[in-house]
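Got the viewer open? Let's take a short walk through this one, stop by stop.

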2 protein chains.
Amino acid sequence: MHVNETYVDLAGRLAEASGKIVRRHFRSLSGVGEKQDSTPVTIADKEAEIVMREMIQVEYPDHGIVGEEGGNTLQNNEFVWVLDPIDGTKNYASGSYQFGTLISLLKGGTCILGIINQPVLKERWLGVRGQPTTFNGDPVQARTCDELTHAWMYSSSPDMFRLDDKKKFARLASRVKHSLFGTDCIGYGLVASGFTDIICEDQM
Amino acid sequence: MHVNETYVDLAGRLAEASGKIVRRHFRSLSGVGEKQDSTPVTIADKEAEIVMREMIQVEYPDHGIVGEEGGNTLQNNEFVWVLDPIDGTKNYASGSYQFGTLISLLKGGTCILGIINQPVLKERWLGVRGQPTTFNGDPVQARTCDELTHAWMYSSSPDMFRLDDKKKFARLASRVKHSLFGTDCIGYGLVASGFTDIICEDQM
């Protein structure tokens, strides 16, 4: 399947535009954790999504948008953008770099393009259907790991698992070589780059 | 207590010298996780500690050194340097930025100087007894958090806690506002900078 280059180009520009906002608010206030509203996270999340939505609507008014902050529009149309301005909000709010902006494009319900963008570190993974995944423009690939007992596994938090899933997670964690935490979306990039093997999350 | 500036200066140079080595090996090989020896972690750890030990021994041959890789020398002397070239080795080995080099100086068993250095991001926290803690040269301070229920807490991994400590940790985690993971030494810097409130680790 060939993905139109103009979509890839727009996705890159969405990452640039949202990245400026996300960077501006990073570590901008202390005491962020105690407020429910108008924290840097909320401000950055909202502003970044607004900017991305506007860019999409100007260039492709018939494309749908599913966004964490601004809700869903035209979500049954052929092309739908899915936006998460800050995945790893708690990490972001506490000054950690383990967060990123997620941008993807669905065509007829199938994902044809995906970006993980870490705007403070200026690191970007780009996946386009039918093409090699890239990291900052260079092709990357997952590493070979034939045995579960050799695998390194990341999860965002052990607290995300409940009941039966908690037991299943514990069983898996006991079999891998290392079970690490706190990665959020960056972990998926680390898998794509061949630095770790498994991401195990709940409710995905 | 006044800390001799020449010790602070040496500590900074230790961070610079070790940082070059740690940076050079970061994300340098894929498949690192499957080998027990001669991984980038091991190489970086060893080389970085060797360089730091040599610098200390040349300038202060009567100072003791406690190092994770090279063992302990003159550890009963008045001044003792404590070195951990890579705290957060699993994170480092899997390409995550949640690691750092730890350098501290004890005088008569009391810590008078401490550095957390993230050499890839070029971020450095410096604590000197009797002086404000700095981040990349600028003074920082922990934020006010009067209520445990408002606190954000980081731990490296839930798996570090055993038996009674596991129960105590679960009780604490259930009372704080957010319980996050995977930070290793960087979390202590985030507390110093006022971006989070608590670090809870076992066997410290």
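In which loop of chain B is Asp184(B) found? Select Asp184(B) and you land between β10 (178-181) and α5 (186-192) of chain B. Keep in mind that this is a predicted model. Asp184(B) is not a glycine, yet its phi is positive, at about 50°. With a relative accessibility of 17%, Asp184(B) counts as buried.

Next, hop over to chain A and pick Lys122(A). Lys122(A) also has a positive phi, near 55°, and is a residue other than glycine. You'll find Lys122(A) in the loop that links β5 (110-118) and β6 (123-128) of chain A. Buried or exposed, this Lys122(A)? Exposed, at 57% relative accessibility.

Now for the cysteines. Select Cys111(A), which is partly exposed, with a relative accessible area of 39%. The closest cysteine sulfur to that of Cys111(A) belongs to Cys185(A), and at 14 Å it is too far for a bond. Then try Cys145(B), partly exposed at 24% relative accessible area. The closest cysteine sulfur here is in Cys200(B), 15 Å away, so again there is no bond to draw. A disulfide needs the two sulfurs within 2.5 Å, and over all chains the count is zero.

Last stop: show both chains together. A turn of 180° with a shift of 0.0 Å along the axis lays chain A on chain B, with an RMSD of 0.0 Å. The two copies are therefore related as by a two-fold rotation axis. To find that axis from chain A, select Gly182(A): its C-alpha is the nearest one in that chain, 2.2 Å from the axis. Finally, colour the contact residues: 100% of those in chain A recur in chain B, so the same surface serves both copies.

Terms used: Residues numbered from 1 in each chain as written. Chains lettered and ligands numbered in written order. Predicted model: local features only at pLDDT ≥ 70, side-chain atom pairs only at ≥ 80, totals over all residues. Heavy atoms only, no water. Buried < 20%, exposed > 50% of the residue type's maximum accessible area, 1.4 Å probe, protein only. Least-squares fit on C-alpha atoms with pLDDT ≥ 70 in both. Contact = heavy atoms within 4.5 Å. Helix = DSSP H or I, 4+ residues; strand = E, 2+ residues; numbered from the N terminus.
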